[in-house]
Amino acid sequence: MIGGSNALIILSFMVDKSLRIQSNFFLLNLSISDFFIGTVSLPFYMVNFVLHGKWILGRAICKLWVVLDYVLFQSSLYNIVLISYDRFLSVTRAASYRAEQSRTKPAFIKMVAVWSLAFLLYGPMIISWEYVAGYTNIPDGECNPEFFYIRYYRFGSVTVDVFIPLAAILYFDLSIYCNIRARTRNKAMQTATTSAKKEKKSSFKQAENDLGTHGSSSVSSNTDTCKTIRKLNFINSSIRKIRLIEY
């Protein structure tokens, strides 16, 4: 199911050329990593550990599978970080972001960087550990990297695999939220200021009309004029409060 849904995304990207913009390339990269997780990583796990309860395919295939599993997992996670960073740029630097959407070279560089980082982080260590150390500590029937059985390596692995990417994603998402909230607040203040100014102008016109039409001979006219002046004073105080909030 995972492989099939991601295969459809990859196929649609190949068929529809209008989808080939910079931001969509990162979604394509995520779909590629998830596709191989569903078609390579999970089937080997299911066959060995679910059906047989242990690894039965030998050490060489075990090492190859571990490398692929770690690389695919890391690339999938880093692609999510990259997508969050891309959304962050689309909100905080909207003008330059839209101008670069037609450029595909920067997107390809970032995609290759994700896969390179995912491999360099664990790949060489998994492949060369037993040759450098001169021994292997993996029990029979299991298939894990050698550092999986060393506590401080596992702690470092969890930090790099989970906490650092999660912190980056939270930072980008919270920055997007704060930026949108600040824009909404500024827009609301501008709208309130514009409305208050328009109401002030209309009140001045009404006051001028009242004074020009009725003069000072009528008590009711004087009463209306006083009300209009009080209304103008209230509007002026409201505008001053809005300006204080803006500062």
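Q: Which residues of helix α5 are buried?
A: This is a predicted model, in which local features need pLDDT of at least 70 and side-chain atom pairs count only at pLDDT 80 or more, while totals for chains, interfaces and linings use all residues. Residues are numbered from 1 along each chain as its sequence is written, and side-chain values use heavy atoms, leaving out hydrogens and water. Buried means under 20% relative accessible area, exposed means over 50%, and partly exposed lies in between (1.4 Å probe, protein chains only). In α5, a helix being a DSSP run of H or I with at least four residues, numbered from the N terminus, the buried residues are A107, M111, V114, A118, Y122, G123, I126 and W129.

Q: How far apart are the end C-alpha atoms of α5?
A: Helix α5 covers residues 105-133, which is 29 residues. The expected span of a helix is 1.5 Å times one less than its number of residues. For α5 that gives 42 Å, which agrees with the distance between its end C-alpha atoms, 41 Å.

Q: Where is the kink in α5 centred?
A: The bend at a residue is the angle between two fitted axes, one for the seven residues ending there and one for the seven starting there. In α5 the kink comes to about 40°, and its centre is I127.

Q: Which residue takes a positive phi just after α5?
A: Look just past the end of the helix, where phi is about 85°. The residue with this positive phi is G134.

Q: Which helix supplies the largest share of the largest nonpolar core?
A: A nonpolar core is a set of buried Ala, Val, Leu, Ile, Met, Phe, Trp, Tyr and Cys residues joined through side-chain atoms within 4.5 Å. The largest one has 25 residues, and F25, F26, V66, Y70, I126, C143 and F147 touch the most other members. Helices α1 (2-15), α2 (22-51), α3 (59-92) and α5 each supply at least two residues of this core. The largest share, nine residues, comes from α3.

Q: Which residues does F25 touch, leaving aside those up to four places away in sequence?
A: Contact here means heavy atoms within 4.5 Å. By that rule, F25 touches F13, R20, T104, A107, F108 and M111.

Q: Which residue forms a salt bridge with E130?
A: A salt bridge is a side-chain nitrogen of Lys or Arg within 4 Å of a carboxyl oxygen of Asp or Glu, and a search of the whole structure finds two. In the one with E130, the N to O distance is 3.1 Å. E130 lies in helix α5 and its partner in helix α3, so the pair ties together parts that are 67 residues apart in sequence. E130 is partly exposed at 21% relative accessibility, and its partner, buried at 16%, is K63.

Q: Is D86 buried or exposed?
A: D86 meets R87 in a salt bridge, with 2.8 Å from N to O. R87 counts as partly exposed because its relative accessibility is 36%. At 4%, D86 counts as buried.

Q: Which residue is joined to C62 by a disulfide?
A: A disulfide is counted when two cysteine sulfur atoms lie within 2.5 Å, and a search of the whole structure finds one. Its S to S distance is 2.0 Å, and with 115° about the S-S bond the link is right-handed. C62 lies in helix α3 and its partner in the loop between α5 and α6 (151-214), so the pair ties together parts that are 81 residues apart in sequence. That partner is C143.
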